[in-house]
Each structure stands twice: as structure tokens, then as C-alpha cells.
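User: I am in my first year and would like a close look at a single part of this protein. Please take one sheet and describe what surrounds it.

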Amino acid sequence: MYRVLVVDDEPQLVRALAINLRARAYEVDAAHDGATALRVAAARHPDVVVLDLGLPDMDGVEVIRGLRGWTRVPIIVLSARQASDEKVEALDAGADDYVTKPFGMDELLARLRAAVRRAAPSGPEDDTATIETETFTVDLAAKKVQRAGTDVRLTPTEWHLLEVLVRNPGRLVSQKQLLQEVWGPAYGTESNYLRVYMAQLRRKLESDPARPRHFITEPGMGYRFEQ
């Protein structure tokens with residue numbers, strides 16, 4: 001049974017989400033503002049967070065940053081904000097997905113299931129592999145990355161994107177394949193997601209993010225990992 005933290009200041013929406021989630025055997029905690037959300041997350045350790053950006057006490061992006069200071073829990077933003085730069089800001093802060101209001105409950109539940117799957121431990125196949133480069137090491141079994149002997153904190157989405165690429169060294173992985181493997185089968189054209197997350201991986205792992213050696217862009221086609 002998975003625990004979901006719903007953060008929204010609209011009581012009717014929170015109630016509807018809670019009813020739908022509990023009907024599907026999720027446990028649900030709710031918070032009506034950012035400060036409460038951060039306290040509940042620390043106390044209850046949810047498996048996924050559904051977060052509105054327009055909170056009464058702070059912007060939802062600040063909640064994302066607060067959570068990312070200590071946890072990799074998947075965060076799904078649920079917001080009426082539809083501008084591309086606002087979506088990118090939330091994703092850049094560490095959100096894993098972005099759903100705009102109004103939304104379909106089935107779509108949100110599908111994205112929630114995908115977020116939980118991305119964060120879950122993967123199966124035993126090939127998980128003994130350790131991929132080493134000159135600047136960082138990826139331990140697939142432990143789901144850990146080290147750079148210069150120091151652990152690198154990745155969000156679940158960053159990790160899953162990295163995992164798909166390093167499991168295909170030297171091979172071009174198409175944008176559509178990456179989107180569908182990392183975000184789910186409903187995705188295929190949201191190339192802005194990939195740009196944001198590839199930039200984050202490069203910032204965290206490349207010696208010179210502006211001239212990447214390991215995460216190579218093939219314009220209009222996809223990305224390739226080179227050791």
C-alpha cells in the first residue's frame with residue numbers, strides 16, 4: 001500500500017482526490033499549505049506527493065525545493081498554471097511530472113502509478129552492473145551515483161533517465177523512447193521535459209556541462225551515453 005500526500009488549498013479537490021485514491025487502496029494524507037506539507041512529509045514519509053503550486057503561504061516551487069533538500073520522493077505538480085516557463089521552473093526545482101487543471105482523474109491516476117513505478121526498486125536483471133566514467137560512477141543495484149567519491153543526489157526521474165541511458169552505452173536512444181520509458185506510454189512529444197532533465201544531469205555529472213562528454217545530444221533524434 002502506497003501513501004500519497006495531497007497538497008492543495010481547495011477542500012473539494014482534496015476530498016475528491018482522497019476518495020478516488022482510497023478507493024484504489026492508497027493511503028492519503030492532506031495538507032492545505034506549504035508549511036503543513038513539509039511537516040507532514042517529514043513525519044509520514046509519503047511514497048508520492050501531489051502538489052498544487054498556488055498555496056496560501058508559499059509558492060509550490062519552494063515546497064519542491066524544501067522536499068528535495070532531503071528526499072527523492074516523486075512529486076507530481078497539479079496546477080492551473082499553464083505557461084511553459086512556469087512548468088520548466090517546477091521541473092527544474094525537482095518535480096517529476098506536471099498536470100494542468102482542469103484534469104481527468106484517470107490521467108492523474110495513471111501518472112501517479114507511473115511515478116510510483118519509477119521510484120520503486122527495479123528487478124534483479126543486470127543490477128550488479130557498475131558503470132564507471134572518468135568523472136562519476138553509477139551503481140545500478142544500489143541506485144546510487146558518486147562523483148569524486150561523493151554521493152550525488154538525484155530525483156527519481158533524473159535517476160530513471162540516467163538508468164535508461166547508461167543501460168544503452170553508445171546507442172542512440174530516441175526522444176520518444178526516453179519519454180515513454182521514463183514518464184510513461186502516454187508521452188512522446190514533450191521534448192521540453194527531456195531538455196530540462198538532461199540539463200540537470202549534465203550539471204550534476206559532467207565536468208563541463210556546456211561541452212558534455214557523456215550525455216550527447218543528437219539534434220532532433222535523441223540522446224546517447226558515452227563512457
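Analyst: What follows describes the parallel sheet, the helices beside it, one annotated residue and the nonpolar cores. The model is predicted.

Start with the sheet itself. Five strands make up an open sheet, in the order 2-1-3-4-5, and their pairing is parallel. At the edges stand strand 2 (27-31) and strand 5 (97-100); each has a single partner strand, so one side of each is left without a neighbour in the sheet. On average, neighbouring strands of this sheet are turned by 20 degrees against each other, direction ignored.

One pair of strands can be followed in more detail. Strand 3 pairs with strand 4 (residues 75-79) in the parallel sense, over three bridges. Within this pair, Val-50 has Ile-76 in strand 4 as its bridge partner.

Helix 2 (residues 34-44) packs on the sheet and touches strand 1 (3-7) and strand 2. The direction of helix 2 makes about 170 degrees with that of strand 1. Helix 4 (residues 84-93) lies across strand 4 and strand 5, and runs at about 145 degrees to strand 5.

Helix 2 has a buried side. Its buried residues are Gly-34, Thr-36, Ala-37, Val-40 and Ala-41. Seen down the axis of helix 2, these residues fall within an arc of 150 degrees, so they line one face of the helix. A general rule helps in reading such a pattern: an α-helix has 3.6 residues a turn, so residues three or four places apart point the same way. The cover over the buried residues of helix 2 includes strand 1, strand 2 and helix 3. On the other side of helix 2, Arg-39 and Ala-43 are exposed.

Next comes a residue in a loop that follows one of the strands. Asp-52 is placed in the loop between strand 3 (48-51) and helix 3 (60-68). An unreviewed UniProt entry carries the annotation "modified residue: 4-aspartylphosphate", which covers Asp-52. Is Asp-52 buried or exposed? Asp-52 counts as buried because its relative accessibility is 6%, and buried means under 20%. Apart from neighbours within four places in sequence, Asp-52 is in contact with Val-7, Asp-8, Asp-9, Gly-60, Leu-78, Ser-79 and Lys-101.

The last topic is the nonpolar residues. In soluble globular proteins, nonpolar side chains tend to be buried together. The largest nonpolar core here has 51 residues. Those that touch the most other members are Ile-64, Val-138, Val-145, Leu-161, Leu-162 and Leu-165. Helix 8 gives the most to this core, with seven residues. Ile-64 can be followed further: leaving aside neighbours within four places in sequence, its contacts are Leu-51, Leu-53, Ile-75, Val-77, Ala-90, Ala-93, Gly-94 and Ala-95. Another core, of 20 residues, lies apart from the largest one and includes Leu-21, Val-28, Val-99 and Leu-112.

To put the parts together: the sheet is open and parallel, with helix 2 packed on it and helix 4 lying across strand 4 and strand 5. Asp-52, in the loop between strand 3 and helix 3, is buried.

How values were computed
Residues numbered from 1 in each chain as written. Predicted model: local features only at pLDDT ≥ 70, side-chain atom pairs only at ≥ 80, totals over all residues. Heavy atoms only, no water. UniProt positions renumbered as here; feature names shortened; annotations may be inferred. Helix = DSSP H or I, 4+ residues; strand = E, 2+ residues; numbered from the N terminus. Buried < 20%, exposed > 50% of the residue type's maximum accessible area, 1.4 Å probe, protein only. Contact = heavy atoms within 4.5 Å. Pairing = 2+ DSSP bridges. Axes fitted to C-alpha atoms, helices over the stretch in contact; angles between N-to-C directions. Core = buried A, V, L, I, M, F, W, Y, C linked by side-chain atoms within 4.5 Å. Arc of directions from axis to C-beta.
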